[in-house]
Amino acid sequence: MIDKINALRAELAALAANGEGADVEALRIKYLSKKGAISALMNDFRNVAAEQKRELGQALNELKNFATDTINSLREAAEAGRAKADVPDLTRTAAPVALGTRHPLSLVREQIIDIFRRLGFTIAEGPEIEDDWHVFESLNFAADHPARDMQDTFFIGRNPDVLLRTHTSSVQTRVMTSQKPPIRIICPGRVYRNEAISARAHCFFHQLEALYVDHNVTFADLRQTLLYFAREMFGPQTEIRLRPSYFPFTEPSAEMDISCNLCGGKGCSFCKGTGWVEILGCGMVDPNVLEACGIDSKEYTGFALGMGIERITNLKYQVKDLRMFSENDVRFLEEFTAAK
Ligand code: DAH
């Protein structure tokens with residue numbers, strides 16, 4: 001019997017040393033329950049010879065106490081471990097939160113606004129649903145002016161005087177009729193034209209207009225503003241080129257090209273081998289426009305320019321298909337996560 005006691009004692013000592021993580025309840029049943037190993041020894045104890053009772057009884061009691069202590073401390077260790085697991089681990093990294101991204105057109109619009117803001121321009125806004133006077137008449141498009149055909153206008157209902165603006169130039173006249181010079185504004189906004197939707201054209205897109213009216217504003221001011229804008233937007237190596245053009249609301253008028261920012265002006269498929277890409281229209285505000293808005297054209301001069309935000313975005317990020325901008329495909333939008 002003493003051998004059995006010693007064997008159990010050795011088992012329990014091993015458990016006490018490395019029984020962490022064991023099923024404590026199973027161990028209690030194995031050793032301490034009524035049908036457990038120690039109870040079995042207690043039963044055997046009844047048949048032990050009288051002269052051995054003292055020694056074995058003591059050993060048995062010690063074994064029972066040792067088993068109880070071992071199992072109790074294993075249970076405590078298990079509970080402490082469980083309690084520890086319940087405490088939040090404040091050193092863990094946070095669960096990642098999916099962040100949205102800015103739309104590329106918003107990113108580019110903000111960049112353009114930021115550049116003009118540094119030159120002292122403030123933002124002006126106007127309605128998208130306009131009347132004929134603000135979109136055409138005040139801007140020197142005569143009723144039968146062929147330039148009106150350049151713009152495929154969406155009319156609202158049957159009234160030819162209610163239409164969606166075809167350009168942000170309408171905001172110029174809204175500002176000139178409500179403010180006195182000096183005027184130095186930019187007007188970002190959405191415009192609409194009745195065009196078939198394709199990779200290269202859409203029925204709505206975005207423009208940004210700039211207008212500066214004051215004493216002695218000259219073409220040199222316009223050119224320097226354009227050069228500053230182009231270099232801030234596309235890098236200090238950028239060159240600009242002004243080509244004579246025609247717009248009813250500016251005289252003289254020009255279109256501005258920048259040296260192709262993909263090939264650096266050497267000629268590539270993007271610039272069709274010319275080394276130049278067109279980016280905006282501009283000119284000196286036609287005196288007729290100033291007068292139509294109640295500004296004395298003998299006292300004041302001004303320059304204006306207008307650009308397509310999609311066009312600038314394409315130049316910066318080479319978006320091949322205009323339709324991508326309005327499809328809201330998150331895979332496309334996520335490409336601009338790192339863009340600034
Ligand atoms: N409104 C013109 C367009 O939609 C762009 C433009 C050209 C605006 C010349 C201007 C300008 O202010 O001076 O095509």
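This briefing describes the ligand site, the sheet and selected local features of the structure shown above. The model is predicted. The ligand occupies the space that forms the largest pocket, and 15 residues surround the ligand. An open sheet of 7 strands with mixed pairing is present, and strand 5, strand 8 and strand 9 are among the elements that give two or more residues to the shell around the ligand.

**Ligand site**

- Among the 15 residues around the ligand, those that come nearest are His167, Ser169, Arg193, Gln207 and Glu209.
- The side chain of Arg193 places an N or O atom 2.8 Å from an oxygen atom of the ligand.
- For Gln207, an N or O atom of the side chain is 3.0 Å from an oxygen atom of the ligand.
- For Gln172, the corresponding separation between a side-chain N or O atom and an oxygen atom of the ligand is 3.2 Å.
- On its own, the ligand has 360 Å² of accessible area, and the protein covers 90% of this area.
- Four elements give two or more residues to the shell: helix 7 (169–176), strand 5 (204–214), strand 8 (276–285) and strand 9 (301–308).
- By residue class, the shell around the ligand holds 8 polar, 5 nonpolar and 2 charged residues.

**Sheet architecture**

- The 7 strands of the open sheet follow the order 1-4-5-9-8-7-6, and their pairing is mixed.
- Strand 1 (122–123) and strand 6 stand at the edges and have a single partner strand each, so one side of each lacks a neighbour in the sheet.
- Strand 4 (residues 183–192) pairs with strand 5 in the antiparallel sense, over 10 bridges.
- Within this part of the sheet, Arg190 has His206 of strand 5 as its bridge partner.
- Strand 6 (residues 240–247) and strand 7 (residues 250–259) also pair in the antiparallel sense, here over 7 bridges.
- These two strands, strand 6 and strand 7, form a hairpin with 2 residues between them.
- Phe247 has Thr250 in strand 7 as its bridge partner.
- As a general point, side chains in a regular strand alternate between the two faces of the sheet.

**Backbone geometry**

- As background, most peptide bonds are trans, and most residues other than glycine have a negative phi.
- The peptide bond from Pro181 to Pro182 is cis, with omega near 0 degrees.
- Pro182 belongs to the loop between helix 7 and strand 4.
- A cis peptide bond also runs from Glu251 to Pro252, with omega near -5 degrees.
- Pro252 is placed in strand 7, the strand that forms the hairpin with strand 6.
- Lys272 is not a glycine, yet has a positive phi of about 50 degrees.
- The location of Lys272 is the loop between strand 7 and strand 8.

**Side-chain contacts of Ser39**

- Ser39 is part of helix 3 (residues 37–45).
- The side chain of Ser39 reaches the backbone oxygen of Ser33 at 2.9 Å.
- The backbone oxygen of Lys34 is also reached by the side chain of Ser39, at 3.4 Å.

Note on methods
Residues are numbered from 1 along each chain as its sequence is written. This is a predicted model: local features need pLDDT of at least 70, side-chain atom pairs count only at pLDDT 80 or more; totals for chains, interfaces and linings use all residues. Side-chain values use heavy atoms; hydrogens and water are left out. A residue is near a molecule or strand if one of its heavy atoms lies within 4 Å of it. A polar contact is a pair of N or O atoms within 3.5 Å; within protein, one must be able to donate a hydrogen and the other to accept it, and residues adjacent in sequence count only if both atoms are side-chain atoms. Accessible areas come from the Shrake-Rupley method with a 1.4 Å probe; for residues, only the protein chains shown count as cover. On a 1 Å grid over the protein atoms alone, a cavity is a set of points where a 1.4 Å probe fits but cannot get out, and a pocket is an open set with protein on both sides within 12 Å along at least five of seven lines; lining residues have an atom within 4 Å of a point. A molecule sits in a cavity or pocket if more than half of its atoms lie within 2 Å of its grid points. Ala, Val, Leu, Ile, Met, Phe, Trp, Tyr, Cys and Pro count as nonpolar, Asp, Glu, Lys and Arg as charged, and the others, Gly among them, as polar. Two strands pair if DSSP finds at least two bridges between them.
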